Amino acid sequence: MPRTTDGDGTPVPQRLLAAATRLFAEQGYDRTSVQEIVEAAGVTKGALYHYFGSKDDLLHEVYARVLRVQQERLDAFADADEPIEKRLRGAAADVVVTTIENLDDAMIFFRSMHHLSPEKNKQVRAERRRYHERFRALVEEGQVAGVFSTATPADLVVDYHFGSVHHLSTWYRPDGPMGAQEVADHLADLLLRALRP
C-alpha cells in the first residue's frame, strides 16, 4: 500500500495533482508522461494508479476540484438572504477571483478538455451546465422581479459573463497591472450594468 503522505504531511493525491497541474500547464497534457508526473510527485506509478485510474482521471480532477469549490460558493451566494443584485454581483465577482486563483487549472482545462474520454467529457459538461444554470437562475430571478432588464435573454447574459471568465487564462497575469479582485469587480460591474432596466 502506498504511503498516504510525504515527510511534511502532504497527502499523496494532492502531491500527484500538484505535480500534474504544474506539468500540464508547462508542457501540455499530451506532452506530459505518467512517468514525469510520478517523478515530480516523488511517488511510484503504483501510487498514481492507486488514487487515479489514469492520466485522464488526473486531468478531470484538475478541473473538477475548482468547479466543486466554485459550485459551493455559488450556492452560498444564491442561498444568501440578500437582495438579488448583491447576490448576483457577489457570485459574478467570486467566479472571476476563484478562476484567477486557479489560473493553471483553468488554462489546462480549456486547452486539454478534448483529451478527456467521452464519459469524463460528458461528466464535466454536466457539472459546468449545473453551475451555469444556477448562475442563470439568479439572473432570471432578478428579471422576474423587475430588478434586471429582460431586454437580453438570461442565457445570453450568462454566456457573455462566462466568455470573459473562460478567457482569463489567455491574458491575465498575476504580476500585471490589476489584481484578481480588481478584475473581478470590473467584470461584475459590467454584468450588472448590462442588466440595468
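This short tour moves through a predicted model, one selection at a time.

Begin by selecting residues 10-70, the stretch that UniProt lists, in an unreviewed entry, as "domain: HTH tetR-type". Over these residues the chain is 77% helix and 0% strand, and if you look at the two ends of the selection, their C-alpha atoms lie 23 Å apart.

Next, select helix α5, which covers residues 84-101, and show α8 together with it: the two pack with their axes 9 Å apart, at an angle of about 15°. Because angles under 35 degrees count as roughly parallel, α5 is described as roughly parallel to α8, and α5 passes α8 in a right-handed crossing. To see what makes this contact, display the side chains of A92, V95, V96, T99 and I100 in α5, and then those of H161, F162, V165 and L168 in α8. The residues of this contact of α5 with α8 divide into seven nonpolar, two polar and no charged.

Now keep helix α8, residues 154-171, on the screen and add helix α6, residues 103-112; the axes of these two come within 9 Å and cross at roughly 105°. Angles of 65 to 115 degrees count as roughly perpendicular, and α6 and α8 are therefore roughly perpendicular to each other. Which residues of α6 and α8 meet here? On the α6 side, select L103, A106, M107 and F110, and on the α8 side select H166, L168 and S169. In the contact of α6 with α8, the residues divide into five nonpolar, two polar and no charged.

Finally, leave L168 of α8 selected, since this residue takes part in the contact with α5 and also in the contact with α6.

Methods
Residues numbered from 1 in each chain as written. Predicted model: local features only at pLDDT ≥ 70, side-chain atom pairs only at ≥ 80, totals over all residues. Heavy atoms only, no water. Axes fitted to C-alpha atoms, helices over the stretch in contact; angles between N-to-C directions. Helix = DSSP H or I, 4+ residues; strand = E, 2+ residues; numbered from the N terminus. Parallel < 35°, antiparallel > 145°, perpendicular 65-115°, else oblique. Contact = heavy atoms within 4.5 Å. Nonpolar A, V, L, I, M, F, W, Y, C, P; charged D, E, K, R; others polar. UniProt positions renumbered as here; feature names shortened; annotations may be inferred. Left-handed = near helix turned anticlockwise from the far one by under 90°.
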